[in-house]
Structure formats: structure tokens, C-alpha cells
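Colleague: Could you walk me through this model? I am new to it and would like to hear the reasoning behind each label.

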Amino acid sequence: MNVTVNGSPVDLADGATVADLVAQRSSGHDRVAVACNGDVVPRSTWAATRLSPGDAVEVLAPTAGG
Amino acid sequence: MQKDPLAPHHSQARSGPLQGGQLTDELVPALAAEEAGDPFTLAGETFTSRLVLGTGGLPSMESLERVVRASGTQLVTVALRRVEAVAGNSMMQVLDRCGVRLLPNTAGCRTAREAVRTAELAREAFETDWVKLEVIGDEQTLLPDAVELLDAAEQLVLKGFQVFAYTTDDPVLGRRLADAGCAAVMPLGSPIGSGLGIRNPHSIALLRDAVSVPVVLDAGIGTASDAALAMELGCDAVLLASAVTRARDPERMALAMRQAVEGGRLARGAGRIPRRFHAQESTAMAGRPEL
């Protein structure tokens, strides 16, 4: 299925969860936060949250800022 | 022999490279003692350092650690960005090692909706309900959008956040933000990263007088005297980033800011002399010889 991750189109296996996506995208990062279609997906629900075709997902990590 | 606590410590002054966070205590024990006895509270947490440090703009994580330690800060701002755009865990390892508390920001947000969602993501990532609320209304000046800011502040307070609101130096807006339940009001001295200092000191003093929550001067600091002025005007703390991180020697400037904040705080408590139009002699005229 096609979803958008951090602004770019991505082909994911059907039934992929947020946890799957995070594992794929965020190696080397902890304290990651995820939004799906603008809403926060709490860490505790990542494994149970299946993505749907067309979802727009943001996978975010800490960085320096003022 | 009793040491004069106010005597300068020139004999300990040094010009070599700075080494770690103990330096200020060695240099100025009187100030350090005063600082330790003058804690303040933000959102229920007590701090002895009144310098809040933004982390953006440094070339390396090694320099971040040196700057954090030299500044003596106990609270630093951080941000969230897409994973591809940021470089792994090293920043969080540095900040964890320094033992500082984190204040996530909503930098780059243009609307209340965006800022609220960013704050919620930051709460998830950093496991803190503290947020530096920044809602920008103009690309050139990065000035806050008052309408969106107040809207976002009200929403976030209802959601249980401790809101540190980055705002203009308008005392009325400051009061509205405090009334909305913000944990602190953070007026700018001048635009973010401009280094123009505090353009309207009287507004900052009026804002300080208008609210009972902590006031943190945020944005526009260019050099140490600006930070000292903020404290002399009655601010509870100073938040700065670029003035240190983009200085030629960030570590040295971090120490300068630390001492400026301490000095400004001391001066505020000591009570400055009134301004006079003409001179007032400080050497007695009585007993002057006729020559």
C-alpha cells in the first residue's frame, strides 16, 4: 500500500503498523514521536495501529532548537 | 582572615581555554553563593540557574556539552524534526549526561492548530508536559502571532501543559497569557537571532509589573550586557541561544552570559541609584585644601 512518510511516497506491506514503520525509519533515534493524518499516535498504541493506504505519517526525532 | 565577599577575584582570573562547569564557582565564589541562595520556581520546579539555553546553532555535540556546562544552565530548549533531517541520538545523550531539564519548543509553527499538535508530539517524545509555545506570524521578523498564540495557549493549558509562552513585549498580551494559565510569559527583547538586545526596556518592566507568573526574557539577546539588563529590569530568567551558539567562542560567551545573569540579578536586588541630570560628587568637599 502507498502511504506518505515525512512528505515522501512510500510503499509499505499491507497491514503494516506504526511500530513497523518506526522500526524501519528511526534506527539511531530514540524519543521518536509519530503523527498520522495530523493526530498524535501515542507510543503505547504503535504496535496496534495499522496504517491504511493514503495515510500521511510524520516520524519525528529530537533535534537542537532555540 | 575574613575575605571580603564583594572583592574582585582578579588573582584567579584566567585567559586560557575554559574547562567545564566548575569555572564560575572558582572565579566568583560570592556570586555563586548568592545564586545558590536565590532559587526560583518554574511550573513547580526549583532552579538555581536563571539562564535558559537554546541548543540550536552549534557546530557539534562536543561544543554543545561544553556550552551547557559553562553556562551552568539547568533548562534547555529542544525541538522535533523529521528523522531524516536530524543526526541520531547524540544530542539527547549529551543533554542526559549534563542532567538538564528539557523544554521542547514549537518552533516553526504558524497556527494554533499546528502548535498544539506539535506540543502534543513533543510531550510524547520527551515525556514532559512543558512546552515553549512559539507561534510565528511573520517570516521576516519571526514575530509572534498574538491571536494564534493566545488561542494555542488556552488550548494547551486545558490539555494539561505547562505553557511557556514566547510573546511580544506587549504588557497587555502578557497579562492575557498569564490569565490564560501560562506557567511563564517570555517576552522578546528584539527579533529571534537578531542580537539587537532589548529595544524597549520600559515595556519589559511594564510587563514584569503586569503579571505575577515568572517572566523570562526570550529572544534578541546579543551580548552579556543585554542579559544583565533583562535581569535588572526584573525578569526572573533569560532564555538565549544564538548569542552563545553563534558567538566566535560559544563556550566563553556561555560563561559571560552566566555571570551577566547573576550580576543583573544581584544589581536588581541591590537597588540601583536614581538617575541624575547633573553630577553629584562622591568625594566630600569638606576639608578640601586651598592650593
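Modeller: Gladly. Chain A has 1 helix and 5 strands. From the N terminus on, these elements follow the order β-β-α-β-β-β. Please keep in mind that this is a predicted model.

Colleague: What makes strand S1 and strand S2 of chain A a pair?

Modeller: Two strands pair if at least two bridges are found between them. S1(A), residues 2–5, and S2(A), residues 8–11, are joined by 4 bridges, and they run antiparallel. The 4 bridges meet the cut-off of at least two, so the strands count as paired. Within this pair, A:Val5 stands opposite A:Ser8. The two strands form a hairpin with 2 residues between them, and A:Asn6 in the turn has a positive phi of about 50°.

Colleague: How much of chain A is buried?

Modeller: Of the 66 residues in chain A, 44% are buried. As for contacts in chain A with a separation of 6 or more, 53% come from residues 24 or more positions apart.

Colleague: How many residues does each chain bring to the contact between chain A and chain B?

Modeller: Chain A brings 28 residues and chain B brings 29 residues. Between them the two chains bury about 2,400 Å², with 54% of that on carbon and sulfur atoms. On the side of chain A, A:Arg31, A:Thr63 and A:Gly66 lose the most area to chain B, together 26% of what that side buries.

Colleague: Which polar features cross that interface, and which elements of chain A take part?

Modeller: The rule finds 15 residue pairs in polar contact across the interface, counting pairs with both residues at pLDDT 80 or more. Strands S3 (33–36), S4 (39–41) and S5 (56–64) of chain A are the elements that give two or more residues to the side touching chain B. S5(A) gives the most, with 7 residues. By class, that side of chain A has 12 nonpolar, 10 polar and 6 charged residues.

Colleague: What makes S5(A) a partner of a strand in chain B?

Modeller: S5(A) and strand S4 of chain B, residues 75–82, share 5 bridges in the antiparallel sense. At least two bridges are needed, so this is a strand pair. In it, A:Leu60 stands opposite B:Arg82.

Colleague: Why is the contact between B:Arg82 and A:Glu58 called a salt bridge?

Modeller: The rule asks for a side-chain nitrogen of Lys or Arg within 4 Å of a carboxyl oxygen of Asp or Glu. For B:Arg82 and A:Glu58 the N to O distance is 2.7 Å, so the pair qualifies. B:Arg82 lies in strand S4 of chain B and A:Glu58 in strand S5 of chain A, so the pair joins two chains. There are 4 salt bridges between chain A and chain B. Another pairs B:Glu84 with A:Arg25, whose closest N and O atoms are 2.4 Å apart.

Colleague: How do you know whether B:Arg82 and A:Glu58 are buried, partly exposed or exposed?

Modeller: Buried means under 20% relative accessible area and exposed means over 50%, with partly exposed in between. B:Arg82 is at 33%, so it counts as partly exposed. A:Glu58, at 26%, is partly exposed too.

Colleague: Why are B:Glu134 and B:Lys132 called buried?

Modeller: B:Glu134 is at 6% relative accessibility, so it counts as buried. B:Lys132, at 3%, counts as buried as well. The side chains of B:Glu134 and B:Lys132 meet in a salt bridge at 3.7 Å, N to O.

Colleague: What covers strand S6 of chain B, and what does it pair with?

Modeller: Both faces of S6(B), residues 130–133, are covered: B:Trp130 and B:Lys132 on one side and B:Val131 and B:Leu133 on the other are all buried. S6(B) runs parallel to S7(B), joined by 4 bridges. There, B:Leu133 stands opposite B:Ala165.

Colleague: Why is B:Thr167 in strand S7 of chain B called buried?

Modeller: B:Thr167 has 0% relative accessibility, which is under 20%, so it counts as buried. Leaving out residues up to four places away in sequence, B:Thr167 touches several others, including B:Pro144, B:Leu149 and B:Met186.

Notes: Residues are numbered from 1 along each chain as its sequence is written. Chains are lettered from A and ligands numbered from 1 in the order in which they are written. This is a predicted model: local features need pLDDT of at least 70, side-chain atom pairs count only at pLDDT 80 or more; totals for chains, interfaces and linings use all residues. Side-chain values use heavy atoms; hydrogens and water are left out. Contact means heavy atoms within 4.5 Å. Buried area is the accessible area (1.4 Å probe) that two parts lose on being put together, summed over both. A polar contact is a pair of N or O atoms within 3.5 Å; within protein, one must be able to donate a hydrogen and the other to accept it, and residues adjacent in sequence count only if both atoms are side-chain atoms. Ala, Val, Leu, Ile, Met, Phe, Trp, Tyr, Cys and Pro count as nonpolar, Asp, Glu, Lys and Arg as charged, and the others, Gly among them, as polar. Buried means under 20% relative accessible area, exposed over 50%, partly exposed in between (1.4 Å probe, protein chains only).
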